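This briefing addresses a predicted model. Please consult the sequence and coordinates shown here alongside the text.

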Amino acid sequence: MKLKMALSILGCVIILTGCWDRIELNDVSIVTGLAVDEGENSKYRLTIEVVNASQFSKNQMGGEAAPALTFTLEGNTISELLHKMNIGITRRLIFSHTRVLYISEGIAKEGIIEFIDFLDRSGQFRNDFNIMITKGEKAEAFVKVTYPIQKVPSLKVHKQTQSFNREWGGDPGVRLTDFISALTSKGRNPVSATLVIKGDPKKGEKSENNMKTSVDTLVEMDGMAIFKDDRLIGYLTVDETRNYFWTQKLKTTSMSVPCSDDEKKPEDEKYMAVTVTETHNKLKVDFTNGKPVLKVKINGETRIEATQCLNDLTKIDTYKDFEEKINRYVAKDIQETIKKVQTEFGVDIFGFGDAFNRQHHKEYKKVENNWDEVFAQAEVEVDINLHLRRSGVRGKTFISEIPRE
Amino acid sequence: MSIFSSLFTRKKNKNKGKPTEEELFKQQDIPKQYYSQVEKNKKLLEELFKGTFDFKCEPIKIGGHKAYLTYLSTMTDKNELSNRVIQVATNHPTGISFNNMIEMRELYFPSVDFKVAENFHRVVWAVLNGEALIMVDGFNEALSLGIGLPEQRAISEPSTQTIIRGPKDGFVEGLPVNILLVRKRLKNPRLKFEIYQMGRDSKTNVALGYINDIANEDLLKEVRERLNKIDVGALLDSGNVEEFIVDKTITPFPLVYNTERPDSICGHLLEGKMAIFVDGSPFVLTVPTLFVDFFQASEDYYQPFIMSSFVRLVRYSSFMIALLFPSLYVAISTFHHELMPTQLLISVQAQREGVPFPAVIEIIIMELSFEVLREAGVRMPRVVGQTVSIVGALVIGQAAVEAGLVSNVLVIVVAFTAIASFVSPIYSFSIATRLLRFVVIFSAAFMGLYGVLLFLIIMVIHLVSLRSFGIPYLAPVAPFQPRNQDDVFVRVPIWLNKNRPSYLYPKSPVRSEENNQPSPPDQPVGGQK
Amino acid sequence: MKNILVEKLSLWQLFILIFIFEIGNAAVVSTGNDANQDAWIAIGLAMVFGMGLALMYYFMLSRLPGKNLFEIFQFCFGKWMGGLLTLLYILYFLYIASRVLRDFCELIVSFIFEETPIEFIAITMVIVIVYMLYLGLEVMGRTSEVFMPYFFSFIIIIGIAVFISGEMEFENLFPILGDGFKPVLKAVFPQLLTFPFGELIAFTMIIPYTSKFKKAKKITLLAVMASGIMLIYNAVLQITTLGVDMRARSNFPLLSSAREISLLEFIERVDLVVVFIVMFGIIIKVSVFFYGALKGLELISNRPYRMYVVPIGAIIAFISVKISDNFAEHIEEGLIVVPLFMHVPFQLLLPLMILPVLLWKTRKSKEGRK
């Protein structure tokens, strides 16, 4: 009996004192985007984007309002700023649904390690948001550009990169953990995707932007940024980003391969459009004569989607010929990109160092501390092995049947 | 494991087919010999039917011969019996002699349907069939008269456990009729019914039914003991008995199973359980009761086994839904916003926009009003019941949402929970779920998912500590008994279910040794080459 | 509950208890970090040694069937000396129980309830444990039987889900033994051997109560092996998902790995499921140590252990909160002080010292019987 008494008293204590972490859904604002700029008076200028959920309700009360709203503060640490945001907005913020972290060029050049630590340490942030370097405009402009389908700007960017990553491979698909493990590894340097604004950012803030079929202002993907440690040192274009991604996790992409090997002006050249699927990419570092040779090996399947060439696609020889052309084309592209990174930036963003470590652990230990220099001087071999499997639902192209004068 | 291996390896059937009458009785250890000394037969019969109250063996005189009239009182029509047999036999002048049973029948009971039972097996059979048996001294055969079943009030479909396929009769308020319904299905001389009188004022007849060669002796002793201990003013329903015989009263879970369905009682008896019939109550209890019993409907055994296995899994999951769904909603929407995908979170938040209550209060208001509605629907006259449900649906469902008092999602949660809580085949079990639901909602409101987990763990600890007549309530899951898994979460085909559940320690653990798996004929039908 | 005084555990229940006990908090806190990407090899090695330890414990018990460790102490050293040893072990068990509990509390307050005081978590957990132990060993066995399928399948499913989400990189496992065996051995001894495998010493209080003591040896070894394999799986999962560095930096790597899950754009952020796994593992682990201590008290004081459940439970909750001021202190104690100064003596040295005495005494008694 005494036990029951004790238990019930204890139970009362618990029930009466519980609920420290309780927040009603009505009392929170969902943060979807964070934009970090250099502050004018202090270290950072942080802009958050929160969802205005009432705009997503079926029975809206109070008419049209913006689907998301932003708020900006300046301060010295991101963490403090995030807690201080209620200086201007009403509800508590939750960050678990943050979709995009925008970092302005200026900040990135000075080094971002200081606030990356906060994101890594905090239990609130997840690993599923994109890290984006913003080119041109300030980062805070990016969270204000609306879009008619995905009304919340960061959700739009998130979806956009996801689709782009899957369809064409122009987004390196970098998440927080990838970024950090690249930072901590000596055999790899971090990269991150970049964004630009097309059009007038001021117009993009208004919801009239959404009324048009062709929106005035649009956030676009613009390749990727290369870091040396945590400092931004340069950019790659969208096409080069794809080439970079070829060596990483690219699954599907599509490209235009010239029909003939001789160099012509682009307008004279005939192309075939090729879709690549099922690729498997492997990095290897061979160690010959005391020098590392970087090897990229890519296997995959391709499919012809369209052709301007006149070759007869019902013949085996044509397939073989095309296959070779595709392989050569891709190899050249990738080779060029790696060369460019080697010469212009001299940092290993591909993870050759990690691959080297896995394959030749002892040799790697010797060069570990100056790996980037070794990388910059190493030879590159690209071995592409894409199989042309089929060519759509037609064999010969009808172009070859058209009577010509 | 053997269950599965025999499912897939197709052993050729060496099936002997169903046992002959001879084998059957031999199995049950019943002698065949019918003696011409009637006393001997009477003794044998009394031995066989010992302990069952409705067995009657009354001495009569037929034409001066010493004779016994034997019948099961629950299975035979009293009026018919007295009019057409007893009165005829006693009123007839003595001294008219007959040489065999057929002659006797012609003399005394010319208009009654009859059979001659020439051996003891037939005699037993006749009694079990509800015939009146006349054994006359000096003859080595007996006469069985088909009197017919007693008149009964129209047996209707059970109102609490309706099914689609399967027998549609249900128990009624009269004890003899209920026993008849069981006896009709189980023609086994070892099926015993013991009678008890309980209640100082009511003197209610309570019958304890069991199959002697299946039910465990110790369990039986325990049940008898508990029944004998009952000292009460009046017993008005089997529910009163239930409260006296459970192992533990302070628990939301029912420790005694009750049903209105004779077929499900038969199933339980055959597993080795005992049934308790209370006069005046259409609900019959079975003990010992396990947690899994409440997820088995008798229809499971009449539908294809794949289907009923699926339905059973649905039942288990809807138990969890009925128990946890509202609390999960509370926990996630007030503690763990990160658990919802972004889009879902935004639309849930959009709906909660402008709702004046915290989620807990909101859900408790809704759950309570639902309970009120349900209670009103049950108590009201049938005719008004419909009005209540319409008003309820309109007021609570639509108007509350439109007025912005509760959110749409919440109505979905409450409605789905309510429906899920109706899935349990036994009403008394769904009461437990209803009650615990409130506890877990509070727990979730204070501690989020951690609270839900704490609740679940405490609930399971409580469940495993429960016993029904000494049998662990969660058997055969905890303690885990791999041999008894064939009728728990899924049901295997009946021909595979060869063993009785061993947690009940049945006297004869095996249902049938034979491999009864059906198979197509070896030869092609129609004699193709 | 009236006439059931002898508590018996079935072999299957023993298996489950050992399995959950071993995985318990070992699955959550990062283990074998010294071995870097070879942590799984280290765990495998520790498992083999752990089976050796289990054999030794069983051997001790089998010299005097039906007696638990503390009764063996009394048998060997008489009432006073044995009592002293028992007392030391009781304190050890209680301390470890509190540490394990603290592990969980830290996890909850750093991942889920950032504002909730740690005392609250400790007290609520202890209430559950007290309730379970009050109902007895059998209830503990059966409860773990109910939760075992979930416990097991959730761990497996996390791995599969991470794999399908495409977050696993098996390259992280290479190079295998890149720096030779040294770091692996360093990870095995004393850390991995004593935690979790050496902690089996607590089962010397439970194994004597199994229904078939003869077969308990096989079951114990099987369970240690099964849990070892599970831990290897778990380590591989963490290394492939997080990479070595990230794993070493994570306070709770399994949780961090589960965060990577993202399926169908709907099943994501399921790390709370991990909390459930952990929670049940912790409950069992604390209960086993707790039970050991209670049995010891029962032996010393000659009173049924149920008397002590509530007060000792309160003490465990209290110690677990006061054990260290901050997380770093807690972890450092756990990695350095506890293995060397508590685990090694209590799991290895003392049993090894007792073993010859036990052998001598039992030999005499056996001869005497003849």
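The points below describe an interface between two chains and then a helix in another chain.

In this predicted model, 28 residues of chain A are in contact with 27 residues of chain C. The area buried between chain A and chain C is about 2,600 Å².

**Extent of the A–C interface**
- Carbon and sulfur atoms give 50% of the area buried between chain A and chain C.
- Of the area that chain A buries against chain C, 26% is supplied by Trp20(A), Asp21(A) and Arg358(A), more than by any other three residues.

**Polar and charged interactions**
- Between chain A and chain C there are 3 salt bridges.
- Lys249(A) forms a salt bridge with Glu169(C), in which the closest N and O atoms are 3.5 Å apart.
- The count of residue pairs in polar contact between chain A and chain C, with both residues at pLDDT 80 or more, is 5.

**Make-up of the chain A side**
- At least two residues each of the side that touches chain C come from helix H1 (2-17), helix H6 (153-167), helix H7 (176-184), helix H11 (352-359) and helix H12 (361-367) of chain A.
- H1(A) gives the most to this side, with 4 residues.
- By residue class, the side of chain A that touches chain C comprises 11 charged, 10 polar and 7 nonpolar residues.

**Helix H12 of chain B**
- Helix H12 of chain B spans residues 342-352, and its buried residues are Thr342(B), Leu345(B), Ile346(B), Val348(B), Gln349(B), Ala350(B) and Arg352(B).
- Gly354(B), which follows H12(B), has a positive phi near 85°.

Notes:
Residues are numbered from 1 along each chain as its sequence is written. Chains are lettered from A and ligands numbered from 1 in the order in which they are written. This is a predicted model: local features need pLDDT of at least 70, side-chain atom pairs count only at pLDDT 80 or more; totals for chains, interfaces and linings use all residues. Side-chain values use heavy atoms; hydrogens and water are left out. Contact means heavy atoms within 4.5 Å. Buried area is the accessible area (1.4 Å probe) that two parts lose on being put together, summed over both. A salt bridge is a side-chain nitrogen of Lys or Arg within 4 Å of a carboxyl oxygen of Asp or Glu. A polar contact is a pair of N or O atoms within 3.5 Å; within protein, one must be able to donate a hydrogen and the other to accept it, and residues adjacent in sequence count only if both atoms are side-chain atoms. Ala, Val, Leu, Ile, Met, Phe, Trp, Tyr, Cys and Pro count as nonpolar, Asp, Glu, Lys and Arg as charged, and the others, Gly among them, as polar. Buried means under 20% relative accessible area, exposed over 50%, partly exposed in between (1.4 Å probe, protein chains only).
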